[in-house]
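Open the model in your viewer and keep the sequence panel in view. This tour goes from one selection to the next and says what is there.

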Amino acid sequence: QLVVETFVPHRLLRYPFLKHRVWLRDTADVDLDGRTEPFGAHILDRNRFVLLDDFDRPISWRADASRGSLVISRHRAFLCCGFESLPAVLAVPVLLGIVALISVTKGLVFAHVGQDTAIGLV
């Protein structure tokens, strides 16, 4: 099987909403760079995954590359990539909710700290 190891975490989710479909670019390997159809990916850990063929079987040929880029289409990235186990499509609303909660909490605390003035939410 062909295992890809990345220098930084690849952010591919272990259990995505859609199957992983990735391209490899600028690896200097003709078989990796020259594909028009994407590879599948089976996640091993934060920095490693197994490349899969069109039938979701592990690639059996060998390749050697010490550089390159992992490319994922935008619409798949929202559902297949994220932080820890949280997809990117859910990470944004969750982060906005946390910011809103903090701002409301700080505003309420600020209203209670005020002296004799009626201060609304900040």
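**Stop 1: Thr27**

Select Thr27 to begin: this residue is buried, with a relative accessible area of 7%, and buried here means under 20%. Keep in mind that the model on your screen is predicted.

Where in the chain does Thr27 lie? Thr27 belongs to the loop between strand S2 (21-25) and helix H1 (30-33).

Now show the side chain of Thr27 and add Asp33. The two side chains make a polar contact of 2.8 Å. Add Asp29 as well: its backbone nitrogen lies 3.3 Å from a polar atom of the Thr27 side chain.

Next, select what surrounds Thr27. Leaving out residues up to four places away in sequence, Thr27 touches Leu32, Asp33, Ala65, Arg67 and Gly68. For a distance across the fold, pick the C-alpha atoms of Thr27 and Ser66. They are separated by 7.1 Å, while the two residues are 39 residues apart along the chain.

**Stop 2: the whole chain**

Clear the selection and switch to a cartoon view. The protein has 3 helices and 7 strands. Going along the sequence, the pattern is β-β-α-β-β-β-α-β-β-α.

How much of the protein counts as buried? Of its 122 residues, 27% do. If you turn on the surface, the accessible area comes to about 8800 Å², and 60% of that belongs to carbon and sulfur atoms. Contacts can also be sorted by how far apart the partners are in sequence. Among contacts in the protein with a separation of 6 or more, 57% are between residues 24 or more positions apart.

**Stop 3: the sheet**

Colour the strands of the sheet. In which order do the 5 strands of the open sheet stand? The order is S1-S4-S3-S2-S5, and the pairing is antiparallel. Strand S1 (3-5) and strand S5 (69-72) are at the edges; each has a single partner strand, so one side of each is left without a neighbour in the sheet. Turn the sheet to look along it: from one strand to the next, the twist averages 45°.

Now select residues 39-45, which are strand S3, and residues 48-52, which are strand S4. These two strands pair in the antiparallel sense over 5 bridges. To see one pair of facing residues, label Gly40, which stands opposite Leu52 in S4.

**Stop 4: charged side chains**

The count of salt bridges comes to 5. Three of them are worth selecting by name.

Start with Lys19 and Asp56. Their salt bridge has its closest N and O atoms 2.8 Å apart. This pair links distant parts of the chain: Lys19 is in the loop between S1 and S2, Asp56 is in the loop between S4 and S5, and they are 37 residues apart. Lys19 counts as exposed, at 53% relative accessibility, whereas Asp56 counts as partly exposed, at 28%.

Keep Asp56 selected and add Arg21. This is also a salt bridge, with the closest N and O atoms 3.3 Å apart. Asp56 lies in the loop between S4 and S5 and Arg21 in strand S2, so the pair ties together parts that are 35 residues apart in sequence. Is Arg21 buried or exposed? Arg21 is buried, because its relative accessible area is 18% and the cut-off for buried is under 20%.

Finally, select Asp45 and Arg48. They form a salt bridge whose closest N and O atoms are 3.0 Å apart. Asp45 is partly exposed, with a relative accessible area of 28%, and Arg48 is partly exposed too, at 33%.

To end the tour, display Lys19, Arg21 and Asp56 together: salt bridges that share partners join these residues into one network.

Methods:
Residues are numbered from 1 along each chain as its sequence is written. This is a predicted model: local features need pLDDT of at least 70, side-chain atom pairs count only at pLDDT 80 or more; totals for chains, interfaces and linings use all residues. Side-chain values use heavy atoms; hydrogens and water are left out. Two strands pair if DSSP finds at least two bridges between them. Helices (H or I, at least four residues) and strands (E, at least two) are DSSP runs, numbered from the N terminus. Axes are lines fitted to C-alpha atoms, for helices over the stretch in contact, and angles run from 0 to 180 degrees between N-to-C directions. Buried means under 20% relative accessible area, exposed over 50%, partly exposed in between (1.4 Å probe, protein chains only). A polar contact is a pair of N or O atoms within 3.5 Å; within protein, one must be able to donate a hydrogen and the other to accept it, and residues adjacent in sequence count only if both atoms are side-chain atoms. Contact means heavy atoms within 4.5 Å. A salt bridge is a side-chain nitrogen of Lys or Arg within 4 Å of a carboxyl oxygen of Asp or Glu. Accessible areas come from the Shrake-Rupley method with a 1.4 Å probe; for residues, only the protein chains shown count as cover.
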